[in-house]
Amino acid sequence: MIDNISWLAIYPEIVLLVMACVIALVDLGVKSSQRTATYVLTMLTLAVVAAMQAMYASTGNTFYGWGNMIVSDAMGNWLKCFATLAVMVTLVYGRPYAADRDMLRGGELFTLTMLALLGMFVMISGNNFLVLYLGLELLTLSSYALVALRRDNAQATEAAMKYFVLGAMASGFLLYGMSMIYGATGSLDIGQVFKAINAGQIRHQVLVFGLVFVVAGLAFKLGAVPFHMWVPDVYQGAPSAITLFIGSAPELAAFAIIIRLLVDGLLPLAIDWQQMLAVLAIGSLLVGNLAGIAQTNLKRMLAYSTIGQMGFVMLGLMSGVVHGNVDATAVENAYSSAMFYIVTYVLTFLATFGVILLLARDGFESEEIADLAGLNQRSPLYAGVMAICMFSLAGIPPLVGFYAKLSVLQALVASGQSLYIALAVFAVVMSLIGAFYYLRVVKVMYFDAPLTAARVTAPLQVRVVLTLNGALVLVLGILPGGLMALCADAIVRALAT
């Protein structure tokens, strides 16, 4: 018998699923090329869902439902709230772009986006291997369709094919790893898996074999080296509005599934998966920052930037447990710094691509770094927003990217281990190298002659949201305490159960 708590835990998911179906049906009668009615209904639904998740998160309560297959806790609810807000911002930025490129002939953009968000919600709330995998597949299948939404565009179709083939391989890795761990522990429930491993009665070799495949599958979803090959091609080939979607909200879900699997379920194996994360972090920082220097395509450069930024997230996730010893304070600092990093990265990424979408127009994709030439002369406001984002991604104070990097480095150094301190130094060096391609964008905007004298125009809602987005990157850098405390509290409550 399903109790009321089980239903309470999935009310937002029910709203999303029902409204996605309703919007698909309502859109059949919409004739506007802008899909105004569909857009408004979608945004209202997302606003209600975000409010519900914020309300759930603010209570701080943790409860399980559906036979312990799902969990509702502060960390999950805040991540779902942030993911919903990220999708709303994505639709605000992306709708004019999509309309200019005939991507709104139907309401598929809105329906698929809501289904993808539903997949993220299931991933974030999953407390069972199969539930996590179902959420992951719902997200990825919707994402494949979104990338191929411009059916008459060869580049988008190619990107979708690459994404599909490599994504299927990564899903296979993850599922195979889960099956190995299930075979060893006899349970799909994450809590039961933790207890079985902690009892120490299972062959370590079997668990590590499954763990390798799980980490490989998770690394693909984050775009970490050496599972990064899809990121530059998909970012460049997908329509810019879809690239914005893929690079923002799903990163929050990927962080959540890592916490659910590696921390909630496989923490007794931390000494093994931390070594794997260290290798992934080193490779991501190295490849992301060095390869980014050679890029002239802005979207491809930001793809390598994402790879490098994920290296920092990996460093935060690997610094919580030292030599198998779990210290509550160290765990809180490490995982909360990683959560803070991923949230602020998504915020910065949204504003960055918001400017790219703003500059794109019918028949012209603002994809090359040279396309930003003289932007300050054409629009000082948007040049300023882009500069703030570039400085933040480079980790320059007083912007939020600096504090995010600092919090991860502090967690590493606080461990007192020479290897972790060496990794912190390596991360700083790689950040200095990566700063080159971020500052190059600023140089092009402020010191190069503009390619056109045309003023940059945008709808009012895009201008307002983009301005607020850029301002948040600056304000959260000056006053990061509130968001950092929120992340720390969410992690503490999530791990307390």
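pLDDT is the predictor's confidence in each residue, on a scale from 0 to 100, and it is the appropriate starting point here, as the structure is a predicted model. Among the elements of the chain, the lowest mean pLDDT, 64, belongs to strand 4 (residues 325–326), whereas the highest, 94, belongs to helix 5 (residues 108–125). Over the chain as a whole the mean pLDDT is 89, with 97% of the residues reaching 70 or more. Where pLDDT is low, the predicted coordinates should not be read in detail.

The chain contains 21 helices and 4 strands. Its radius of gyration is 22 Å, close to the 23 Å that the globule rule gives for 497 residues, so the chain is as compact as a globular protein of that length. Along the principal axes, the C-alpha trace spans about 70 × 55 × 40 Å. Of the contacts in the chain with a separation of 6 or more, 81% are accounted for by residues that lie 24 or more positions apart.

With respect to solvent cover, 60% of the 497 residues count as buried, and the accessible surface of the chain comes to about 18,200 Å², with carbon and sulfur atoms contributing 68% of that area. The chain carries 23 positive and 24 negative charges, and the mean positions of these two sets are 6 Å apart.

Individual elements and residues illustrate both buried and exposed settings. Helix 10 (residues 230–237) is mostly covered, as 6 of its 8 residues are buried; these are Trp 230, Val 231, Pro 232, Val 234, Tyr 235 and Gly 237. Ser 366, by comparison, is found in a loop, the one between helix 15 (328–359) and helix 16 (375–378). With a relative accessible area of 1%, Ser 366 is buried, the cut-off for this class being under 20%. When its neighbours within four places in sequence are left aside, the residues in contact with Ser 366 are Ile 356, Leu 359, Ala 360, Asp 371 and Leu 372.

Leu 134, which lies in helix 6 (residues 129–147), has a relative accessibility of 58% and therefore counts as exposed, given that this class begins over 50%. Between Leu 134 and Gly 311 there are 26 Å in space, taken from C-alpha to C-alpha, and the two are 177 residues apart in sequence.

Methods. Residues are numbered from 1 along each chain as its sequence is written. This is a predicted model: local features need pLDDT of at least 70, side-chain atom pairs count only at pLDDT 80 or more; totals for chains, interfaces and linings use all residues. Side-chain values use heavy atoms; hydrogens and water are left out. Helices (H or I, at least four residues) and strands (E, at least two) are DSSP runs, numbered from the N terminus. The radius of gyration is taken over C-alpha atoms; the globule rule is 2.2 Å times the number of residues to the power 0.38. Buried means under 20% relative accessible area, exposed over 50%, partly exposed in between (1.4 Å probe, protein chains only). Contact means heavy atoms within 4.5 Å. Accessible areas come from the Shrake-Rupley method with a 1.4 Å probe; for residues, only the protein chains shown count as cover. Lys and Arg count as positive and Asp and Glu as negative; His and the chain ends are not counted. The place of a charge is taken as NZ of Lys, CZ of Arg, CG of Asp or CD of Glu.
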